[in-house]
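Here is a short tour of one protein chain, written for someone who likes to know where the side chains sit. Have the sequence and the 3D view open as you read.

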Amino acid sequence: MHTSERDLPGPAGPIRVRFHRAATTAPGAPAICFLHGGGWAVGDLDGHDPPCRVLAQDTGAVVMAVDYRLAPEHPYPAAIDDCVAAYAWLAGHSGELGLDVPPIQAIIQIMPGVFAIVHYLRLARVNCVNF
């Protein structure tokens, strides 16, 4: 398993992300943008590292986990803004990462119904997804 981290440009400063790529991942692999659970208030890259590694190993995809800003220090919509920015960055830089994009799959553990709706509507607004 190859794991690396980097900071992406975000709406209020850098967004830390962690990439997981299995040793057997082929060039042109699909991408998964992993948005950890925690109700927008708890969670981080380390706490969700094991499931991201399993996901990368079992799917052959490159998994990008996003360490978005958390409440209450960063109230709504900070988490969504960071997640949309990270997803858009991944879509725009897939070539340099050797990924097959589109499509990018987003795995969302955060208040799934509300977050998924808002997240995808925002992505549509910045032309990252089509419905």
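Let's begin inside: the largest nonpolar core has 24 residues, and those with the most contacts inside it are Val17, Phe19, Cys33, Met64, Val66 and Leu90. Two or more residues of this core come from each of β2 (15-21), β3 (29-35), β4 (62-67) and α2 (78-92). The helix α2 gives the most, with eight residues. Please keep in mind that this is a predicted model.

**The cores**
- Alongside the largest core there is a second, separate one of nine residues, which includes Leu55, Ala56, Ala61 and Val63.
- As general background, nonpolar side chains in soluble globular proteins tend to be buried together.

**The chain as a whole**
- Four helices and five strands make up the list of elements in the chain.
- Following the sequence, you meet them in the pattern β-β-β-α-β-α-α-β-α.
- The chain has 131 residues, and 41% of them are buried.
- Of the contacts between residues at least 6 apart in sequence, 68% join residues at least 24 apart.
- The accessible surface of the chain is about 6,400 Å², with 58% of this belonging to carbon and sulfur atoms.

**Helix α2**
- This helix has 15 residues and spans 21 Å from its first C-alpha to its last, close to the 21 Å expected at 1.5 Å a residue.
- Its buried residues are Ala78, Ala79, Ile80, Asp82, Cys83, Val84, Ala86, Tyr87, Trp89 and Leu90.
- Leu90 also appears among the residues with the most contacts inside the largest core.

**Aspartate 82**
- If you like to look at charged side chains, try aspartate 82, which sits in helix α2.
- Aspartate 82 counts as buried because its relative accessibility is 2%, and the cut-off for buried is under 20%.
- Leaving out residues up to four places away in sequence, aspartate 82 touches Pro11, Ile15, Tyr68 and Arg69.

**Two cis peptide bonds**
- Most peptide bonds are trans, so the next two are worth a look in the 3D view.
- Alanine 71 is joined to proline 72 by a cis peptide bond, with omega near 5°.
- Proline 72 lies in the loop between β4 and α2.
- The peptide bond from tyrosine 76 to proline 77 is cis, with omega about 10°.
- Proline 77 is likewise found in the loop between β4 and α2.

Methods. Residues are numbered from 1 along each chain as its sequence is written. This is a predicted model: local features need pLDDT of at least 70, side-chain atom pairs count only at pLDDT 80 or more; totals for chains, interfaces and linings use all residues. Side-chain values use heavy atoms; hydrogens and water are left out. Buried means under 20% relative accessible area, exposed over 50%, partly exposed in between (1.4 Å probe, protein chains only). Contact means heavy atoms within 4.5 Å. Accessible areas come from the Shrake-Rupley method with a 1.4 Å probe; for residues, only the protein chains shown count as cover. A nonpolar core is a set of buried Ala, Val, Leu, Ile, Met, Phe, Trp, Tyr and Cys residues joined through side-chain atoms within 4.5 Å. The expected span of a helix is 1.5 Å times one less than its number of residues.
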